[in-house]
Amino acid sequence: MQVSRKYGVLIAMAIVVIAGIAAVPSPRKDYKNLKVLPKDISTKDLSRIMIDEFEDGLGVSCGFCHAEEKDSHKLDYASDEKPEKEIARLMMKMTLDINEKYFQVTHPLIGDSVLSITCMTCHKGQPRPRNPE
Amino acid sequence: MKNEKYISVDENNDGIDRAGFLKCMAWAGTGLFCMMSGGVMKSFGMSQLIDKNIGALKKGLILPKADFTFAQISDSHIGFNKPANPDVLGTLQAAIGKINAMPTAPSFILHTGDLSHLAQADEFDTLDQAMKNAKTGKIFYVPGEHDVLNDNGRQYLQRYGKDTKGDGWYSFDYNGVHFIGLVNVVNTAEGGLGVLGNEQLEWLEKDVKGLSSSTPIIVFAHIPLWEVYPQWGWGTRDSAQALSYLKRFGSVSVLNGHIHQTLQKVEGNITFHTATSTAFPQPQPGTAPAAGPMKVPAEQLRSLLGVTSVNYVEHNHTLAITDTPLIATKETKMENQ
């Protein structure tokens, strides 16, 4: 009787652990070239950053930074062929630095709602920020 | 207590009466109701056809006889949750409700892309569940650029791409009309313009080659196949080549989404039509610094419902955008809004 109760507890614990693991959004593991964004970022968080920060913030689409695959019209997301991608990395670092140094945001992350400064702050939907009037 | 920030009464008969719904939520929930008669397509905005109070056609409206009908909805963006519309599922369901309220169930529905906002499995699942409530024979899809994020459309193809070619393009015949679903979002050109690509163009040329010139053609894709506003990527770089294959046909209709507003243009034998979103509005071409989700004040809500007429002038070239035909009687006079 005692043995079966132990098994019951163990099975219940295993169910809780498995359910917990299943509830956490699984990070995509085949990102090959993330240098500023967290390497274990989930597809959802990465997609949200691409849409909110870059598509809406700069008014651009994926091909603005991402090069095409060789012999294909599809995008090679890992490629660094287009210089715009490295500029985007520099801009993300700058944004994080500003938030940390001047707005006291600890451990700032691109896409985090606590950021005071985002891409949109300066770009306002344009690929290149306009000169201040 | 009256709170002017919120819409508490469905005064506009637009399906939006949920307490706490932000006044800037604007609309959505409309779709396009299309009728084929003698090979010619007529389209109507559903917000102006359905009286929500009685769940049927507005009093005095008489729909002409049709060979068959179908509906178009677009840009559902399931997963979007910003102030422009924090309840995109609710407005999609409202659109489906309008389809279900039509006196004749549409033979099928065309969804012209951006089913999801971030191409996530749970977003596609939610859309699928909602679309199951639509009273129709079948639902045909083409992807929007939001459906192919990160994986070049692999997940979209697994879910919706059965029996399609390449990135998900296909054609089918219904009641003598040839329907062509094109994909112009898997890559986009500089500036965000859509791209069809050589492989798809070659397929299209072959697909229509054997058809009689009297065959009515309906093309549907996400990004407009005409240059609505290239500065915002509202056009398709190689659409001219695609349309050249369709010039010999007597009746061609092209249905798109992407720009979240209704525009129509007639060019020779081809009628172009873009649909409203079921999620959130976007600014009219050139009226804002950039395209994107648009928050609107409540008093502008009516102007975003149903069919909108837009005059667009760019670089001294005036596009002849025509009003979408409406059926009205004296009892229910409707104005273009």
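T121(A) is found in helix α4 of chain A. With 13 other C-beta atoms within 10 Å, T121(A) is partly exposed, because a residue counts as exposed at 12 or fewer and as buried at 20 or more. The C-alpha atom of T121(A) is separated by 26 Å from that of Y77(A), and the two residues are 44 apart along the chain. The model that holds these residues is predicted, and the predictor gives the complex an ipTM of 0.75 and a pTM of 0.78.

Chain A can be taken as a whole next. There are 4 helices and 2 strands in this chain, and from the N terminus on they run α-α-β-β-α-α. Of the 133 residues in chain A, 25% are buried. Among contacts in chain A with a separation of 6 or more, 37% join residues that are 24 or more positions apart. The mean pLDDT of chain A is 84, with 84% of its residues at 70 or more. Confidence within the chain is lowest in helix α1 (residues 2-23), where the mean is 66. Helix α3 (residues 83-103) has the highest confidence in chain A, at 96.

Two further places in chain A concern burial and backbone angles. Helix α2 (residues 43-58) of chain A is mostly covered, with 13 of its 16 residues buried. After α2(A) comes G59(A), which has a positive phi near 65°. Q104(A) also has a positive phi, near 55°, in a residue other than glycine. The loop between α3 and α4 (119-123) of chain A contains Q104(A). Q104(A) has 9 C-beta neighbours inside 10 Å and therefore counts as exposed.

Chain B has 337 residues, of which 49% count as buried. Its secondary structure comes to 5 helices and 17 strands. Of the contacts in chain B with a separation of 6 or more, 70% are between residues 24 or more positions apart. The mean pLDDT of chain B is 77, and 72% of its residues reach 70 or more. Over residues 1-29 of chain B the pLDDT is below 50, and this stretch has 64 contacts in the model beyond near neighbours in sequence. Residues 301-337 of chain B also stay under 50, with 75 contacts beyond four places in sequence. Where pLDDT is low, the predicted coordinates should not be read in detail.

In soluble globular proteins, nonpolar side chains tend to be buried together. The largest nonpolar core here has 86 residues, and those that touch the most other members are A71(B), L182(B), V219(B), A221(B) and L225(B). Helix α1 (residues 88-100) of chain B gives the largest share of this core, 7 residues. What does L182(B) touch, not counting residues up to four places away in sequence? Its partners are V142(B), W169(B), L196(B), Q200(B), V219(B) and A221(B).

One of those partners, Q200(B), is a buried residue of α4(B), as are L204(B) and V208(B). Seen down the axis of α4(B), the buried residues fall within an arc of 55°, so they line one face of the helix. On the other side of α4(B), N198(B), E202(B), K206(B) and K209(B) are exposed. The buried residues of α4(B) pack against β11 (177-181) and α5 (239-244) of chain B. The length of helix α4 (residues 198-209) of chain B can be checked as well: at 1.5 Å a residue, its 12 residues should span 16 Å, and the end C-alpha atoms are 16 Å apart, which agrees.

Chain B also has a residue with a positive phi that is not a glycine, H258(B), at about 75°. H258(B) lies in the loop between β13 (252-256) and β14 (263-267) of chain B. Is H258(B) buried or exposed? H258(B) is buried, because 32 other C-beta atoms lie within 10 Å.

The two chains meet where 20 residues of chain B are in contact with 21 residues of chain A. By class, the side of chain B that touches chain A has 9 nonpolar, 9 polar and 2 charged residues.

Conventions
Residues are numbered from 1 along each chain as its sequence is written. Chains are lettered from A and ligands numbered from 1 in the order in which they are written. This is a predicted model: local features need pLDDT of at least 70, side-chain atom pairs count only at pLDDT 80 or more; totals for chains, interfaces and linings use all residues. Two residues are in contact if their C-beta atoms, placed from the backbone, lie within 7 Å. Ala, Val, Leu, Ile, Met, Phe, Trp, Tyr, Cys and Pro count as nonpolar, Asp, Glu, Lys and Arg as charged, and the others, Gly among them, as polar. pLDDT is the predictor's confidence in each residue, from 0 to 100. A nonpolar core is a set of buried Ala, Val, Leu, Ile, Met, Phe, Trp, Tyr and Cys residues joined through C-beta atoms within 7 Å. The expected span of a helix is 1.5 Å times one less than its number of residues. The arc is that of the directions from the helix axis to the C-beta atoms.
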